[in-house]
Amino acid sequence: MGTSSRRHAAFLCLLIVLETFSQVSANAEGDALNALKTNLADPNNVLQDWDPTLVNPCTWLRVTCNTHNFVTRVDLGDASLSGQLVPQLGQLRHLQYLELYNNNISGVIPREIGKLKQLISLDLYLNKLRGHIPTTLGNLKRLRFLRLHHNYLSGHIPMSLTTITTLQVLDLSNNQLTGPIPVNGSFGLFTPISFANNSLEYPLPTTPSPSPLPSYNAP
Ligand SMILES: *[C@@H]1O[C@H](CO)[C@@H](O)[C@H](O)[C@H]1NC(C)=O
């Protein structure tokens, strides 16, 4: 190969690299999902077709977009995934459903999940998540389903969750949560089933404690 054709080849390679780079950098949501993929072990290859060089992630299996090509659903329940979640998930600003239940996901719930203002459903149940429930989840003002049961979550239930007026289904059972169970706001709806099998303190009765039982041999 002569010098000029070698230069030509080098130039073509550079173009290909630049082109790929511009596509990837223009695809923030694909990058965020690819960061998740990179952090997960996927023995059943459910993420195999997640190709970050595509213009957007809308054709990837288990990913759903709206008509403007923003990601609205990630459906990765029952997928035998292990590894950890990534803060980049907070970039999926149009996400409504984050379904990651029944996997082997460990590590913490990233506080950046609180940036997903359109989120309707956060299903992380039946995993191996540790650490606290992020206070930032209280920013999810459209959330209807919050199911975090069967993990190893610890610490207090953030009071911020009681301000989510849309919340219909809450399951924090079977974790290692401590401290009081909030009773105000949306938590007025929920029964002890939502909190079972933790080390939580049930709220004290608001009425005065009953007087001691009358004694049978009283005069
Ligand atoms: C989690 O991992 C264990 C041990 O590797 C395995 O037996 C189990 O089936 C996995 N669970 C899920 C839901 O993938």
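Two strands count as paired if DSSP finds at least two bridges between them, and the strands themselves are DSSP runs (E, at least two residues; helices are H or I, at least four), numbered from the N terminus. The views below show a predicted model, where local features need pLDDT of at least 70 and side-chain atom pairs count only at pLDDT 80 or more, while totals for chains, interfaces and linings use all residues. Residues are numbered from 1 along each chain as its sequence is written, and side-chain values use heavy atoms, with hydrogens and water left out.

**View 1. β3 pairs with β2 and with β5.** Here β3 (residues 71-75) runs antiparallel to β2 (residues 63-65), with three bridges between them. Look for cysteine 65, whose bridge partner in β3 is valine 71. Five residues sit between the strands of this hairpin, and asparagine 69 takes a positive phi near 65° there. β3 also pairs with β5 (residues 97-99), this time in the parallel sense and again over three bridges.

**View 2. Arginine 73 meets tyrosine 97.** In the backbone, tyrosine 97 of β5 is the bridge partner of arginine 73. Arginine 73 also lies over the face of the tyrosine 97 ring, 4.2 Å from its centre. To count, NZ of Lys or CZ of Arg has to be within 6 Å of the ring centre and within 35 degrees of the ring normal.

**View 3. An open sheet of four strands.** Follow the order β1-β4-β6-β8, and you'll find mixed pairing. The edges belong to β1 (40-41) and β8 (128-129); each has a single partner strand, so one side of each has no neighbour in the sheet. Further in, β4 (residues 82-84) and β6 (residues 104-107) pair in the parallel sense through three bridges. One pair to pick out is glycine 83 with isoleucine 105, its bridge partner in β6.

**View 4. The ligand and its shell.** Ser80, Asn102, Asn103 and Asn104 surround the ligand, each having a heavy atom within 4 Å of it. The protein covers 38% of the 360 Å² of accessible area that the ligand has on its own (Shrake-Rupley method, 1.4 Å probe). An N or O atom in the side chain of asparagine 104 is 2.2 Å from a ligand oxygen atom.

**View 5. β12 with β10 and β13.** β10 (residues 154-155) and β12 (residues 176-180) are parallel partners over two bridges, with serine 154 matched to glutamine 176. β12 also pairs in the parallel sense with β13 (residues 199-201), over three bridges. In that pairing, proline 180 stands opposite glutamate 201.

**View 6. A phenylalanine cluster.** Phe187, Phe190 and Phe195 make up one aromatic cluster. Searching the whole structure turns up four aromatic pairs. Rings of Phe, Tyr and Trp (its six-membered ring) pair if their centres lie within 6.5 Å; planes under 30 degrees apart are stacked, over 60 edge-to-face, and the rest tilted.

Note on methods. Polar contact = N/O pair within 3.5 Å; in protein donor to acceptor, adjacent residues only side chain to side chain.
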